[in-house]
Amino acid sequence: MKHEQSWQPTTTHKTRVARAELLRQIRAFFHSLDVLEVETPVLSGGTVTDEHIDGFSTEFLYANTGKPVSLFLQTSPEYAMKRLLCAQSGAIYQIGKAFRHEGEGRWHNPEFTMLEWYRPGFDHFMLMKEVDALLHEVLGATTDSEMITYQNAFITHLGIDPLTSPTSSIHQKMLECGIDIDGMESLSRDSQLQLLFSYGIEPKIGLKAPCFVYNFPASQAALAKISPSDSRVAERFEVYFKGVELANGFNELSEPAEQRERFNQDNKKRVLSGLPEKPIDEHFLQALESGLPNCAGVALGIDRLLMLQVGASHIQEVINFPVSRA
Amino acid sequence: MANYSTNEFKGGLKIMLDGEPCNILENEYVKPGKGQAFNRVKIRKLISGKVLEKTFRSGESVEGADVMDTELAYLYTDGEFYHFMNNDTFEQIAADEKAVGENIKWLVENDVCTITLWNGAPITVTPPNFVELEITETDPGLKGDTAGTGGKPATLTTGAVVRVPLFVQTGEVIRVDTRSGEYVSRVQK
């Protein structure tokens, strides 16, 4: 082992310099496009309702109401940044810490650095072009990026259709991809598709240049608009490069009633899976009531981007003190 | 035996799978941004030696396997069992033919082998990386061949057959790599 003692950083001076330089490049990129850097609170009264995303929470004992308040560490700055957009902020970006209450891994640390930005007047296609420009600039990629729909990625690389194939052929394909898991049938269709994606598609896409996968199934819409031309898919995209998921973006849902409905549906799924319900961020919904401009937004993992830039094989090589040494 | 959650998975951890003790070789955390978390695990079954891949839901627990390695010197075989002894405590353990398997041909008296015990009973016997054995039979080679280009088969005292250079003769002791089964050198008696 290279780093024997747990007080020591797991990074080298070289990667620390590379991080500082990457952040400088990103800020210069947005400065040149006149996108404003903002800050929003890391601690928030509301949190995400997603079944598979958990925030850390803590108690605030000094609230001006005199009662203890539960606050959550943000899993992304999405809701707060959209409140700024609703307050006519115009194009904004943020570089900050995000937190997910989940395990560590080669590509995962529960505390990580996220770049998130929003472009009023953009749809997801325009935003994908901008993400591509940023990636080409910081990674120096010379090849053109790939663009493929979620549906075509499955058809091309696995020979099944994620929108129409029967469950039996999905199970069959999972076995062919070597996905040996107890109780495969009890996984949701989305989890089955996600496993197939990570075992059977991720290793084959975005090998030389970033790959943009778009039009995710509507059941995985998260906060994206449903496509007006095909209600089976949502205007959501992800970016894959060299085997890692780098970014996730939406043509942003702006309809408050539908947003509330999705939060409620999430909480219903949580209850069915035996998980606690999450408080809905009412500030965010009130902001949507006042009107979110048409916009597209994207979140990008800075640590993973840095890993690709310096050729790191584990996220610990780019984070000074990963959670096991925090 | 304790249970382990997937969060504790790492290379070297011994767990039970399908009633067989296994060694975790690799563990990868798979978590799509908005999706369910899984652990993709490469496992070696310790009795059959099979390597396979298994996927677990993150947070799931599996039973640990009481498996430990111990260094014991080989004593002798009574035809049915192979007897080993701890050189410090003089405690003896007998392994059956199934545990010794293919490695029967590398067992040399007094050599210290690694015996893997599951619930106290031997399941595998791993000989030292290098053993020295005498040749009991090989064709007399051509004089003057020192490069050992072609080679010839030689039978050793344990019955093992190894390719040796042409200049190596019956009665000589040779050093063999037990991992590859290849000849390394002659040994001065």
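**Figure 1. A:Lys242, in the loop between β9 (233-241) and β10 of chain A.** In this predicted model, A:Lys242 is partly exposed, with a relative accessible area of 46%. That puts the residue in the middle class, because the label covers values that are neither under 20% nor over 50%. The backbone is worth a look too: phi of A:Lys242 is near 50 degrees, a positive value in a residue that isn't glycine.

**Figure 2. B:Asn119, in a loop of chain B.** Here the view moves to the stretch between β10 (112-118) and β11 (121-126) of chain B, where B:Asn119 sits. Phi of B:Asn119 is near 50 degrees, again a positive value for a non-glycine residue. B:Asn119 has a relative accessible area of 54% and so counts as exposed, the cut-off for that label being over 50%.

**Figure 3. Where chain A meets chain B, with 30 residues of chain A in contact with 16 residues of chain B.** Together the two chains bury about 2100 Å², and carbon and sulfur atoms account for 48% of that area. Look for A:His52, A:Asp180 and A:Tyr199: this trio supplies 25% of the area that chain A buries against chain B, more than any other three residues.

**Figure 4. Polar and charged pairs across the interface of chain A and chain B, four salt bridges included.** One of them joins B:Lys54 to A:Asp182, with the closest N and O atoms 2.9 Å apart. Polar contacts link 11 residue pairs across the interface, counting pairs with both residues at pLDDT 80 or more. On chain A, α6 (189-201) and β10 (244-251) each put at least two residues into the side that touches chain B. Helix α6(A) gives the most to that side, with five residues. By residue type, the side of chain A that touches chain B splits into 10 nonpolar, 11 polar and nine charged.

**Figure 5. A:Gln192, a buried residue in helix α6 of chain A.** A:Gln192 belongs to α6 of chain A, yet its relative accessible area is just 2%, so the residue counts as buried. A polar atom of its side chain lies 3.3 Å from the backbone oxygen of A:Leu187. Leaving out residues up to four places away in sequence, A:Gln192 touches A:Thr167, A:Ile170, A:His171, A:Met174, A:Met184, A:Glu185 and A:Leu187.

**Figure 6. A:Thr49, tucked into the loop between β2 (43-44) and β3 (57-60) of chain A.** Loop or not, A:Thr49 counts as buried because its relative accessibility is 0%. Its side chain makes a polar contact with the side chain of A:Asp266, at 2.8 Å. Beyond its neighbours within four places in sequence, A:Thr49 is in contact with A:Tyr79, A:Phe263, A:Asp266, A:Asn267, A:Arg270, A:Lys278 and A:Ile280.

**Figure 7. A:Gly55, also in the loop between β2 and β3 of chain A.** At 10% relative accessibility, A:Gly55 falls into the buried class, the limit being under 20%. Its contacts, apart from neighbours within four places in sequence, are with A:Leu73, A:Thr75, A:His101 and A:Lys278. For a sense of scale, the C-alpha atom of A:Gly55 is 18 Å from that of A:Arg262, which sits 207 residues away along the chain.

**Figure 8. A:Leu22 in helix α1 (residues 13-32) of chain A.** With 1% relative accessibility, A:Leu22 counts as buried. A:Leu22 and A:Ile302 are 280 residues apart along the chain, but their C-alpha atoms are separated by 8.7 Å. A:Ile302 is also among the residues that A:Leu22 touches, along with A:Val138, A:Leu305, A:Leu306 and A:Gln309, not counting residues up to four places away in sequence.

**Figure 9. The largest nonpolar core, with 40 residues.** Which members touch the most other members of this core? They are A:Leu115, A:Trp117, A:Val131, A:Phe237 and A:Leu300. Zooming in on A:Leu115, its contacts include A:Ile26, A:Phe30, A:Tyr93, A:Ile95, A:Leu134, A:Val298, A:Leu300 and A:Ile302, with residues up to four places away in sequence left out. Another core, of 25 residues, lies apart from the largest one, and its members include A:Leu158, A:Ile170, A:Leu187 and A:Leu195.

Terms used:
Residues are numbered from 1 along each chain as its sequence is written. Chains are lettered from A and ligands numbered from 1 in the order in which they are written. This is a predicted model: local features need pLDDT of at least 70, side-chain atom pairs count only at pLDDT 80 or more; totals for chains, interfaces and linings use all residues. Side-chain values use heavy atoms; hydrogens and water are left out. Contact means heavy atoms within 4.5 Å. Buried area is the accessible area (1.4 Å probe) that two parts lose on being put together, summed over both. A salt bridge is a side-chain nitrogen of Lys or Arg within 4 Å of a carboxyl oxygen of Asp or Glu. A polar contact is a pair of N or O atoms within 3.5 Å; within protein, one must be able to donate a hydrogen and the other to accept it, and residues adjacent in sequence count only if both atoms are side-chain atoms. Helices (H or I, at least four residues) and strands (E, at least two) are DSSP runs, numbered from the N terminus. Ala, Val, Leu, Ile, Met, Phe, Trp, Tyr, Cys and Pro count as nonpolar, Asp, Glu, Lys and Arg as charged, and the others, Gly among them, as polar. Buried means under 20% relative accessible area, exposed over 50%, partly exposed in between (1.4 Å probe, protein chains only). A nonpolar core is a set of buried Ala, Val, Leu, Ile, Met, Phe, Trp, Tyr and Cys residues joined through side-chain atoms within 4.5 Å.
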